[in-house]
Amino acid sequence: VERSVSTGREDPQHTCNESSRERKVAFEEIALEALRDAGFRVTMPRVQVIRALGESNRPLTANEIHQRIQISGGRIDSVSVYRILSTLQAVGAVHRIGVVDAFYACGLQTDQAHDTQHFVCESCGCVTEVNLPLGASTSVAEEAAKVGFLASEIRLEFWAVAAIAEGGLITDPQNHPGLKRR
């Protein structure tokens, strides 16, 4: 099933897709450090991809990243974007969000950074990333072992509707600014 994510720009008051300046800077520092620690050079194309990802609070496809870089005046080819995303994923700086086939800047820097769950809003595309509870990771790994698999990474993705309102989370999804009725 192909799913597309709205940009959230249809509603000018809907700003959950924009990253804060602090998040952008923190992600860039963390991603560059992860590259250096893994023995990779910091190149301008890598920095451009990192910055494009850091500016969004929703997953971006390689094509969207490529377009953002070009619009901002950068020069990079599509193949390089894919290669850089693969490298960033290998060093743990980005997650591939399968429900939308796009990439998201890793916001968690803990020992469990690869055992995460992502809540992706089906209306606006914003993402919330949280660590899986340790017991959940252990249970999934045990179930995998029962059927002959060794879990090297555990990811859960939830396709849902974010209940966001000014001042924080609310419990009534009817008030979500980007909710489209089916």
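This is a short walk through one protein chain, from its overall make-up to a few of its helices and loops.

Hi everyone. Please keep in mind that what you see is a predicted model.

Let's begin with the whole chain. How many helices and strands does the chain have? Its secondary structure comes to five helices and seven strands. Reading from the N terminus, the order is α-α-α-α-β-β-β-β-α-β-β-β. The chain has 182 residues, and 40% of them count as buried. Its accessible surface is about 10800 Å², with 50% of that belonging to carbon and sulfur atoms. Now take the contacts in the chain with a separation of 6 or more: residues 24 or more positions apart account for 54% of them.

Next, please find helix 2, residues 44-54. Eight of its 11 residues are buried, so helix 2 is largely enclosed by the rest of the structure. Which residues of helix 2 are buried? They are Arg46, Val47, Gln48, Val49, Ile50, Ala52, Leu53 and Gly54. What covers them includes helix 1 (21-37), helix 3, helix 4, strand 1 and strand 2.

Let's look at two of those neighbours, starting with helix 3, residues 62-71. The axes of helix 2 and helix 3 come within 9 Å and cross at roughly 105 degrees. That crossing makes helix 2 roughly perpendicular to helix 3. On the helix 2 side, Gln48, Val49, Ala52 and Leu53 take part, and they meet Ile65, Arg68 and Ile69 of helix 3. Sorted by type, the residues of this contact are five nonpolar, one polar and one charged.

The other neighbour is helix 4, residues 78-90. Here the axes of helix 2 and helix 4 come within 10 Å, crossing at roughly 75 degrees. Helix 2 is therefore roughly perpendicular to helix 4. Pro45, Arg46, Val49, Ile50 and Leu53 of helix 2 make this contact with Val81, Ile84, Leu85 and Leu88 of helix 4. The types in this contact are eight nonpolar, no polar and one charged.

Back to helix 3 for a moment. Which of its residues are buried? The buried ones are Ala62, Ile65, His66 and Ile69. Looking down the axis of helix 3, these buried residues fall within an arc of 100 degrees, so they line one face of the helix. A bit of background helps here: an α-helix has 3.6 residues a turn, so residues three or four places apart point the same way. The cover over the buried residues of helix 3 includes helix 2 and helix 4. Just after helix 3 comes Gly73, with a positive phi of about 100 degrees.

Let me finish with two loop residues. Where is Asp101? Asp101 lies in the loop between strand 1 (94-97) and strand 2 (102-105). As background, most residues other than glycine have a negative phi. Asp101 is not a glycine, yet its phi is positive, at about 50 degrees. With 46% relative accessibility, Asp101 counts as partly exposed.

The second residue is Leu132, in the loop between strand 4 (127-131) and helix 5 (134-146). Is Leu132 buried or exposed? Its relative accessible area is 3%, and buried means under 20%, so Leu132 is buried. If you would like to trace a distance, try Leu132 and His118: they are 14 residues apart along the chain, and their C-alpha atoms are separated by 9.5 Å.

Thanks for listening!

Notes: Residues are numbered from 1 along each chain as its sequence is written. This is a predicted model: local features need pLDDT of at least 70, side-chain atom pairs count only at pLDDT 80 or more; totals for chains, interfaces and linings use all residues. Side-chain values use heavy atoms; hydrogens and water are left out. Axes are lines fitted to C-alpha atoms, for helices over the stretch in contact, and angles run from 0 to 180 degrees between N-to-C directions. Helices (H or I, at least four residues) and strands (E, at least two) are DSSP runs, numbered from the N terminus. Angles under 35 degrees count as roughly parallel, over 145 as roughly antiparallel, 65 to 115 as roughly perpendicular and the rest as oblique. Contact means heavy atoms within 4.5 Å. Ala, Val, Leu, Ile, Met, Phe, Trp, Tyr, Cys and Pro count as nonpolar, Asp, Glu, Lys and Arg as charged, and the others, Gly among them, as polar. Buried means under 20% relative accessible area, exposed over 50%, partly exposed in between (1.4 Å probe, protein chains only). Accessible areas come from the Shrake-Rupley method with a 1.4 Å probe; for residues, only the protein chains shown count as cover. The arc is that of the directions from the helix axis to the C-beta atoms.
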